[in-house]
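These exercises walk through one protein chain, each with a task sentence and a worked solution. Please keep the sequence and the model in view while you read.

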Amino acid sequence: MDFDLSDDHELLRRTVREFAEGEVAPVAEELDRTKAFPYEIVRKMGELGWMGIPFPEEVGGAGGDTLAYALAVEELTRVDSSVAITLCAHTSLGTQPIYLFGSEEQKADWLPELTAGRKLGAFGLTEPEAGSDAGNTRTRARLDGGEWVIDGAKQFITNAGTDISGVVCITARTGEDEISNIVVPNGTPGYEQGEPYRKMGWNASDTRPLTFTDCRVPEANLLGPRGAGFKQFLHILDIGRIGVAAMGVGLAQGALDQAIAYAKERRAFGKPISKFQAIQSKLADMSTEIEAARLLVYKTALLKDAGRSFTLTAAQAKLKTGRLAVRCSEEAVQIHGGYGYIEEYPVCRFYRDAKILTIGEGTDEVQQMVIARALGA
């Protein structure tokens, strides 16, 4: 059992960290405040190959593995969650369905632009009555003259409404007891993106509702066999949880970094507050929990790369890291005192960004259900 990263993985970690600190950190507060999508940053990440890390080179990807992807997500989230979730949702949710279940023609049509980051992918699962109860999909698709005619609505969808959004893979009921996944390109008549949500956090990421009204796409846009959608999206969600879990570790680590730096500078009663046992206890607990969570995330990535079952560990990692991100960001705010409540300090943004990690990609309660089932309970 080797806990050291390979030279390639370590190089990627350093490179992404330098990029995050040099390119993302200086603009993160402004992007969050103005709710501006980070087009320039996404363009640069695409040029660096990071928008397609876990995909083979033959489909335009970087030829990396899941661990490399998790490392990149973690390092980006140390600095800014909006940039990280843009990459995360694009890779795990928007591009993976086409790579895993698409035909050779579908892959040739869509993957090169997606893996290069020139276009963004989105995944449309959640609906007003189908979130945790994902099988309760109400969006419908019927065949008519060689086309799927789609009617329905999706909500809380990431990456679907930007100027570079390319496709959304949606779940739709194609029969009474049948759910399928269908690719809908942006610009298709009848497919409309609503106004962005006003959110607590992730303000520089694109999140909005979608509507489909007599929306027609070719029959060939079906992903995989008809009726295989439920099984497909469960697998996609397992993969997505690795990325979101890496975000949890990254945010927690970023909060700890900020807390340590501030505690060394802030003086009270004649010495830095880092010298007080109460502060040291907080920092020690945060560091210990982060290291344990990080190992769980890396184990999940390695299991996937080895072709082994990772449903249980993905749910455990997502549950652990989401809660940890909330706790660490809260402690970081507490250590900052009044300044932690001021937007100019990153921990304020971290605190707002953290909560969604216990909700998105399956709530904590759903993760507990998945874990209990995997344990045979």
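**Exercise 1. Find which residues Gly 61 touches, leaving out residues up to four places away in sequence, and say where Gly 61 lies.**

Start with the contacts, where contact means heavy atoms within 4.5 Å: Gly 61 touches Gly 52, Phe 55, Pro 56 and Thr 115. Next, place the residue along the chain: Gly 61 lies in the loop between α2 and α3, where helices (H or I, at least four residues) and strands (E, at least two) are DSSP runs, numbered from the N terminus. Then take one of the contacts, Thr 115, which is 54 residues from Gly 61 along the chain, while the C-alpha atoms of the two are separated by 5.2 Å. Finally, Gly 61 counts as buried because its relative accessibility is 13%; buried means under 20% relative accessible area, exposed over 50%, and partly exposed in between (1.4 Å probe, protein chains only).

Before going on, note how the values arise. This is a predicted model, in which local features need pLDDT of at least 70 and side-chain atom pairs count only at pLDDT 80 or more, while totals for chains, interfaces and linings use all residues. Residues are numbered from 1 along each chain as its sequence is written, and side-chain values use heavy atoms, with hydrogens and water left out.

**Exercise 2. Check the span of helix α5 and work out which of its residues are buried and which are exposed.**

First, the span: the expected value is 1.5 Å times one less than the number of residues, so the 12 residues of α5 (residues 104–115) should span 16 Å, and the 15 Å between its end C-alpha atoms agrees with this. Second, the buried residues of α5 are Gln 106, Lys 107, Trp 110, Leu 111, Leu 114 and Thr 115. Seen down the axis of α5, these fall within an arc of 115°, so they line one face of the helix; the arc is that of the directions from the helix axis to the C-beta atoms. Third, the face of α5 turned away from the buried side carries the exposed residues Glu 105 and Ala 108. What covers the buried residues includes α4 (81–101), β1 (120–124), β4 (165–175), β5 (178–185) and β8 (222–223). After α5 comes Gly 117, with a positive phi near 80°.

**Exercise 3. Describe the surroundings of Thr 86 and of Leu 87.**

Thr 86 has its place in helix α4, and at 0% relative accessibility it counts as buried. Leaving aside neighbours within four places in sequence, Thr 86 is in contact with Phe 37, Val 42, Leu 120, Asn 159 and Ser 205. Leu 87, with residues up to four places away again not counted, touches Met 45, Trp 50, Met 51, Tyr 69, Val 73 and Leu 76.

**Exercise 4. Identify the residues that touch the most other members of the largest nonpolar core, and the element that gives its largest share.**

A nonpolar core is a set of buried Ala, Val, Leu, Ile, Met, Phe, Trp, Tyr and Cys residues joined through side-chain atoms within 4.5 Å. The largest one has 68 residues, of which Met 45, Trp 50, Leu 76, Leu 87, Met 247, Val 297 and Ile 335 touch the most other members. Its largest share, 14 residues, comes from α6. Apart from this core lies another, of 18 residues, among them Cys 169, Ile 179, Phe 233 and Leu 237.

**Exercise 5. Explain why the sulfur of Cys 215 is not bonded to the closest cysteine sulfur, and do likewise for Cys 348.**

A disulfide is a pair of cysteine sulfur atoms within 2.5 Å, and the structure holds zero disulfides. For Cys 215, the closest cysteine sulfur, in Cys 169, is 13 Å away, which is too far for a bond. For Cys 348, the closest one, in Cys 328, is 17 Å away, again too far. Both residues count as buried, Cys 215 at 0% relative accessibility and Cys 348 at 9%.
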